[in-house]
Amino acid sequence: MATTPEAAKPAKAGTGKPDPVSNAEEKPVQRPAKKKKIIVYGIAVLLVLALAGGAAWFFLGQKKAPLEGEDPTAAAPPVHTAPKGPPTFFPLENMVVNLADPGGDKVAQIGITLEVASAKDVDQIKTYLPQIRSNVLLLVSQRTSQDVLTIEGKQKLAADILQETLRPFDESDAGATAHKGAKPVKIKITKNASGQNPVVAVHFSSFIVQ
């Protein structure tokens with residue numbers, strides 16, 4: 001059975017070739033997808049920028065606002081860090097002191113260890129050791145047993161002993177010893193080469209009240 005030939009496409013006038021317009025009608029026109037990809041990428045970039053800007057605004061907004069009358073350009077206070085390296089300790093010989101209880105029958109046996117800023121300061125402390133021991137003995141003898149039996153009392157005594165150990169290095173009163181009832185005086189200490197007090201802290205190695 002003979003097949004019917006396809007209808008001849010109309011030829012463009014004067015060329016004898018098929019009309020391209022007719023071909024375009026037969027095949028659907030495909031639009032390029034590049035524009036769609038560019039639009040999607042652009043939206044994604046805008047979203048990322050918006051999220052980054054919002055996060056930056058949030059974290060910057062967490063900074064503490066300056067108080068009224070405070071200079072916002074003022075520099076932050078310096079942070080004091082602890083000295084590097086292991087601490088240096090200098091133990092004193094145990095002291096036996098009569099306390100100020102009525103009747104004078106109460107005695108305290110105290111072991112004191114000084115925490116020193118550096119090993120170089122130990123020799124300097126040894127130079128003033130007789131004066132330091134005398135200052136500490138006079139201080140402890142002014143306390144009663146009730147004053148030193150509590151934790152708070154011992155902590156207060158340690159703080160006062162620290163001041164007495166620093167008095168030999170006092171530039172203002174030549175190491176004068178405080179007496180009972182005297183008002184606390186802020187002393188100016190001759191500090192070491194590192195800008196620290198020679199004695200950093202006072203620790204009790206033993207504390208017996210009898």
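Student: Why is the contact between Arg167 and Glu164 called a salt bridge?

Tutor: The closest N and O atoms of Arg167 and Glu164 are 3.2 Å apart. A salt bridge is defined as a side-chain nitrogen of Lys or Arg within 4 Å of a carboxyl oxygen of Asp or Glu, so the distance of 3.2 Å qualifies. In general, side chains of opposite charge can pair when their charged atoms come close.

Student: On what kind of model do such statements rest, and how are residues numbered?

Tutor: This is a predicted model, in which local features need pLDDT of at least 70 and side-chain atom pairs count only at pLDDT 80 or more, while totals for chains, interfaces and linings use all residues. Residues are numbered from 1 along each chain as its sequence is written, and side-chain values use heavy atoms, with hydrogens and water left out.

Student: What makes Arg167 and Glu164 buried or exposed?

Tutor: The relative accessible area decides: under 20% is buried, over 50% is exposed, and values in between are partly exposed (1.4 Å probe, protein chains only). Arg167 has 7% and is therefore buried; Glu164 has 4% and is likewise buried.

Student: Which residues do salt bridges with shared partners join into one network?

Tutor: The network consists of Arg143, Lys156 and Asp160. Asp160 meets Arg143 at 2.4 Å, N to O. This pair links distant parts of the chain, with Asp160 in helix 6 and Arg143 in the loop between helix 4 and helix 5 (145-148), 17 residues apart. Asp160 also meets Lys156 in a salt bridge, at 2.8 Å, N to O. Asp160 is buried at 17% and Arg143 is buried at 14%, whereas Lys156, at 47%, is partly exposed.

Student: How many residues separate Lys156 and Asp160 in helix 6?

Tutor: They are 4 residues apart, which means a separation of about one helical turn. Helices (H or I, at least four residues) and strands (E, at least two) are DSSP runs, numbered from the N terminus. The protein chain has 6 helices and 4 strands, in the order α-α-β-β-β-α-α-α-α-β.

Student: Why is the pair of Tyr128 and Phe169 called edge-to-face?

Tutor: Rings of Phe, Tyr and Trp (its six-membered ring) pair if their centres lie within 6.5 Å; planes under 30 degrees apart count as stacked, over 60 as edge-to-face and the rest as tilted. Tyr128 and Phe169 have centres 5.1 Å apart and planes at 70°, so their pair is edge-to-face. Tyr128 lies in the loop between helix 3 (120-127) and helix 4 (129-140), and Phe169 in the loop between helix 6 (151-166) and strand 4 (199-209), 41 residues apart. Tyr128 is partly exposed at 30%, while Phe169 is buried at 3%.

Student: What makes Phe204 and Phe207 an aromatic pair, and of which type?

Tutor: Their values are 5.1 Å centre to centre and 90° between the planes, and the pair is edge-to-face. Phe204 is partly exposed, at 26%.

Student: How do you know that the charged end of Lys154 sits over the ring of Phe207?

Tutor: The charged end of Lys154 is 4.9 Å from the ring centre. The definition requires NZ of Lys or CZ of Arg to be within 6 Å of the ring centre and within 35 degrees of the ring normal. The distance is within the limit, and the contact is recorded as a charge over the ring.

Student: How do you know that strand 2 and strand 3 (residues 107-116) pair?

Tutor: Two strands pair if DSSP finds at least two bridges between them. Strand 2 and strand 3 have 4 bridges, in the antiparallel sense, so the requirement is met. Met95 has Ile110 as its bridge partner in strand 3, and Val97 stands opposite Ala108 there. Along strand 2 (residues 95-98), Met95 and Val97 point to one face and are buried, while Val96 and Asn98 point to the other and are not.

Student: How many bridges join strand 3 to strand 1 (residues 88-91) and to strand 4?

Tutor: Strand 1 is joined to strand 3 by 4 antiparallel bridges, with Phe89 opposite Glu115. Strand 3 and strand 4 pair over 9 bridges, also antiparallel, and Ala108 has Val209 as its partner in strand 4.

Student: What makes strand 3 mostly covered?

Tutor: In strand 3, 8 of its 10 residues are buried.
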